[in-house]
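Got the viewer open? Here is a short walk through the model, one selection at a time.

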Amino acid sequence: MNRTRLYRDGVLEAEGFPVDEVSDHVCDPSATVWFDLCSPTPADLAKISEELGLHELAVEDALHSHQRPKLDIYDSHLFLTVYGAKSVRGRLDLVGLSVFVTKNALVTVRDSPEFDIDEVVRRWDANGAMAKYGVQYLLHGLLDHVVDGYFEVLQELDDRVEDLEDELFDEQPGDRAHIQRQTYEMRKELVRFRRMAVPTREVVGSLLRRNVETLDPVLTPYYQDVHDHALRVAEWTDSLRELVGNVREAHMNQQGFRLNDIMKKITSWAAIVAVPTMITGYYGQNVPYPGYGHPAGFWASTAAIIVASAALYVVFKKKGWL
């Protein structure tokens with residue numbers, strides 16, 4: 001479903017009007033127009049391109065998903081590609097968003113309805129007095145929503161990493177093979193997230209630098225705040241990647257330690273079992289030996305087995321091998 005809005009002199013004047021009427025409003029310098037397209041067809045974008053004079057390369061990029069987050073600058077407009085992120089049942093879900101920015105029009109093109117455009121509208125309405133700053137304010141609200149969504153995803157990933165750490169060092173025995181699988185999956189998710197989050201930081205930074213002269217001084221702190229949040233997102237992402245790597249390494253080291261303990265126990269019991277084997281083998285010779293043919297020989301061998309095995313058990317126990 002397409003959505004449209006018209007602001008005039010900072011006041012919401014109309015919404016829900018047909019896209020065909022956009023050209024009637026953009027000619028008015030006091031008007032600010034926003035319209036949203038969800039999974040548009042090439043014909044839909046061609047109509048918008050004709051109405052606003054959008055560059056054909058930007059329109060082509062908006063039609064193709066899986067674009068890298070970027071900011072392209074054209075003579076008559078800007079073109080941004082960013083991604084909304086959320087966690088769905090522990091899985092990272094990314095939704096592409098293309099944005100055309102002209103002097104008094106903002107066009108958002110969503111890959112799917114999973115991107116919550118209603119929340120963006122609520123942000124705009126929550127501080128309606130700022131709408132007098134036109135497209136710059138609307139773009140800020142959109143970017144602020146996108147970056148705030150990254151924090152929610154990172155917070156959930158952080159909680160999952162903490163749970164893995166607690167489970168890793170839990171003294172209760174159990175099968176922990178799933179830890180390695182979870183750390184591998186989380187590392188893959190963080191790599192995907194970083195490929196999207198770091199370029200977004202550059203997009204906001206470039207946007208702020210480019211508009212340093214044209215951006216209203218009132219809005220400069222708002223854009224700077226979004227840029228600071230984008231920096232924190234990138235730093236937090238790198239920190240979590242390192243932390244997940246440490247958890248995975250610690251888990252592998254624990255497996256090595258456990259294998260070492262198992263080998264010690266096997267070796268210790270093998271040494272204890274070797275004692276009676278050696279003694280009974282000695283007394284099983286078909287040649288005369290001390291105690292041959294007498295009951296004393298049997299009792300002597302039995303005593304030697306018990307004493308030697310017990311001595312080895314005590315020694316290995318003190319060393320912590322058993």
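## Start at a loop

Asp 28 is partly exposed, at 24% relative accessible area. Keep in mind as you click that this is a predicted model. Now add Arg 8: the two residues form a salt bridge, with their closest N and O atoms 2.1 Å apart. Asp 28 sits in the loop between helix H1 (22-26) and E3, while Arg 8 belongs to strand E1, so the pair ties together parts 20 residues apart in sequence. Arg 8 is partly exposed too, with a relative accessible area of 21%.

## Along E1 to helix H4

Stay on strand E1 and pick Arg 5, whose side chain meets that of Asp 125 in a salt bridge (2.8 Å, N to O). This one links distant parts of the chain: Asp 125 is in helix H4 (residues 117-126), 120 residues from Arg 5. Which end of the pair is buried? Arg 5 is, at 4% relative accessibility, whereas Asp 125 is partly exposed at 43%.

While you're on H4, select Arg 122 and Glu 119. Their side chains form a salt bridge at 3.0 Å, N to O, and they lie 3 residues apart, about one turn of the helix. Widen the selection to Asp 116, Arg 123, Asp 144 and Asp 148, and you have a network of salt bridges that also takes in Glu 119 and Arg 122.

## Out to the sheet

Next, colour the strands. There are 7 of them in an open sheet with mixed pairing, ordered E2-E1-E3-E7-E6-E5-E4. Strand E2 (11-15) and strand E4 (70-73) are the edges, each pairing on one side only. On average, neighbouring strands are turned by 20° against each other, direction ignored.

Zoom in on E4: 4 bridges join it to strand E5 (residues 78-88), and the two run antiparallel. Asp 72 has Phe 79 in E5 as its bridge partner.

Two helices to show here:

- Helix H3 (residues 56-63) packs on the sheet, touching E4, E5, E6 and E7, with its direction at about 160° to that of E6.
- Helix H5 (residues 135-168) lies across E1, E3, E5, E6 and E7, at about 30° to E5.

## Last stop: Asp 61

Select Asp 61 in helix H3. Is this residue buried or exposed? Its relative accessible area is 16%, so it counts as buried. The Asp 61 side chain makes a polar contact with the side chain of Lys 70, at 2.7 Å. Asp 61 also touches residues including Gln 67, Asp 72 and Phe 79.

Definitions and conventions:
Residues numbered from 1 in each chain as written. Predicted model: local features only at pLDDT ≥ 70, side-chain atom pairs only at ≥ 80, totals over all residues. Heavy atoms only, no water. Pairing = 2+ DSSP bridges. Axes fitted to C-alpha atoms, helices over the stretch in contact; angles between N-to-C directions. Contact = heavy atoms within 4.5 Å. Buried < 20%, exposed > 50% of the residue type's maximum accessible area, 1.4 Å probe, protein only. Polar contact = N/O pair within 3.5 Å; in protein donor to acceptor, adjacent residues only side chain to side chain. Salt bridge = Lys/Arg side-chain N within 4 Å of Asp/Glu carboxyl O. Lists of a residue's contacts leave out its neighbours within four places in sequence.
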